[in-house]
Amino acid sequence: QVQLVESGGGLVQAGGSLRLSCAASGRTSSNYAMGWFRQAPGKEREFVGDISWGGGSTRYADSVNGRFTISRDNAKNTVYLQMNSLKPEDTAVYYCARHRFVFTLGTKGASSDYEYWGQGTQVTVSS
């Protein structure tokens, strides 16, 4: 089993920044892509971005591209989501997830490709 724990959420004003962390424990492995998703109240969960197993490739949703950056430190079993220029519409619970298969990014944004999920961390952006 793999446990994922997100942290770093909070309340921030529009235009501000936050950095989320996702720490993995248990049967961890650096051979898996990791993803970030978010879910706002009353809305479906949506893809934010993902990062390849080695960190060399990242993909982002159009809504966050250029503002958010995903990175990972495999030595620490931790993935990060740096969020800049935050907007009220970024308000959501943010989840990290580990891909189901090794050495593949899979279809961009496909939540079904992810096997393990964290409990989420709340991000609230005030206007």
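These exercises walk through a predicted model of one protein.

**Exercise 1. Overall fold**

Find how many helices and strands the protein has, and in what pattern they follow each other.

Solution.
- Step 1: Count the elements. The protein has zero helices and eleven strands.
- Step 2: Read along the sequence. The pattern is β-β-β-β-β-β-β-β-β-β-β.
- Step 3: Check the radius of gyration. For the protein, the value is 13 Å, close to the 14 Å that the globule rule gives for 127 residues, so the protein is as compact as a globular protein of that length.
- Step 4: Add the outline. Taken along the principal axes, the C-alpha atoms fill a box of roughly 40 × 25 × 25 Å.

**Exercise 2. Inside and surface**

Work out what share of the 127 residues is buried, and what supplies the exposed area.

Solution.
- Step 1: Start with burial. Buried residues are 44% of the 127 residues. A residue counts as buried under 20% relative accessible area.
- Step 2: Turn to the surface. The protein exposes about 6300 Å². Carbon and sulfur atoms supply 45% of that area.
- Step 3: Look at contacts between residues at least 6 apart in sequence. Of these, 59% join residues at least 24 apart.
- Step 4: Count the charges. There are 13 positive and 10 negative side chains. The centres of the two sets lie 4 Å apart.

**Exercise 3. The aromatic rings**

Classify the ring pairs Phe-37 with Phe-47 and Tyr-114 with Trp-117.

Solution.
- Step 1: Set the scene. The whole structure holds five aromatic pairs.
- Step 2: Take Phe-37 and Phe-47. Their ring centres are 5.7 Å apart and their planes stand at 70 degrees, so the pair is edge-to-face. The cut-off for edge-to-face is over 60 degrees.
- Step 3: Place the two residues. Phe-37 is in strand β4 (residues 32-39), and Phe-47 is in strand β5 (residues 46-51). They are ten residues apart. Both Phe-37 and Phe-47 are buried.
- Step 4: Take Tyr-114 and Trp-117. The centres of these rings are 6.1 Å apart and the planes are at 65 degrees, so this pair is edge-to-face.
- Step 5: Compare with the burial cut-off. Tyr-114 has 4% relative accessibility, so the residue counts as buried. Trp-117 has 26%, so that residue is partly exposed.
- Step 6: Join the pieces. Phe-37, Phe-47, Tyr-114 and Trp-117 form one aromatic cluster.

**Exercise 4. Positive phi angles**

Locate Ser-85 and Phe-103, and describe the phi angle of Ser-85 and of Phe-103.

Solution.
- Step 1: Start with Ser-85. This residue has a positive phi of about 50 degrees, although it is not a glycine.
- Step 2: Find its place. Ser-85 sits in the loop between β8 (78-83) and β9 (92-102). At 41% relative accessibility, Ser-85 is partly exposed.
- Step 3: Move to Phe-103. Its phi is near 50 degrees, again a positive value in a residue other than glycine.
- Step 4: Find that place too. Phe-103 is in the loop between β9 and β10 (114-117). With 48% relative accessibility, Phe-103 counts as partly exposed.

**Exercise 5. Three residues and their contacts**

Determine which residues Asp-73, Asn-77 and Gln-39 touch, not counting residues up to four places away in sequence.

Solution.
- Step 1: Place Asp-73. This residue lies in strand β7 (residues 68-73). Its relative accessible area is 24%, so Asp-73 is partly exposed.
- Step 2: List its contacts. Asp-73 touches Thr-78 and Tyr-80. The C-alpha atoms of Asp-73 and Ala-23 are 9.8 Å apart, with their positions 50 residues apart in sequence counted as separation.
- Step 3: Go on to Asn-77, in the loop between β7 and β8. At 29% relative accessibility, Asn-77 is partly exposed.
- Step 4: List its contacts. Asn-77 meets Cys-22, Ala-23, Ala-24 and Thr-28. Ser-29 is 48 residues from Asn-77 along the chain, and their C-alpha atoms are separated by 7.8 Å.
- Step 5: Finish with Gln-39, in strand β4. Gln-39 is partly exposed, at 32% relative accessibility.
- Step 6: List its contacts. Gln-39 touches Glu-44, Arg-45, Ala-92, Val-93 and Tyr-95. Gln-39 and Gln-13 are 26 residues apart in sequence and 19 Å apart in space, C-alpha to C-alpha.

Conventions: Residues numbered from 1 in each chain as written. Predicted model: local features only at pLDDT ≥ 70, side-chain atom pairs only at ≥ 80, totals over all residues. Heavy atoms only, no water. Helix = DSSP H or I, 4+ residues; strand = E, 2+ residues; numbered from the N terminus. Rg over C-alpha atoms; globule rule 2.2 N^0.38 Å. Buried < 20%, exposed > 50% of the residue type's maximum accessible area, 1.4 Å probe, protein only. Contact = heavy atoms within 4.5 Å. Areas by Shrake-Rupley, 256 points an atom, 1.4 Å probe, with all protein chains shown as cover. Lys, Arg positive; Asp, Glu negative; His and termini not counted. Charge placed at Lys NZ, Arg CZ, Asp CG, Glu CD. Phe/Tyr/Trp six-rings, centres within 6.5 Å; stacked < 30°, edge-to-face > 60°.
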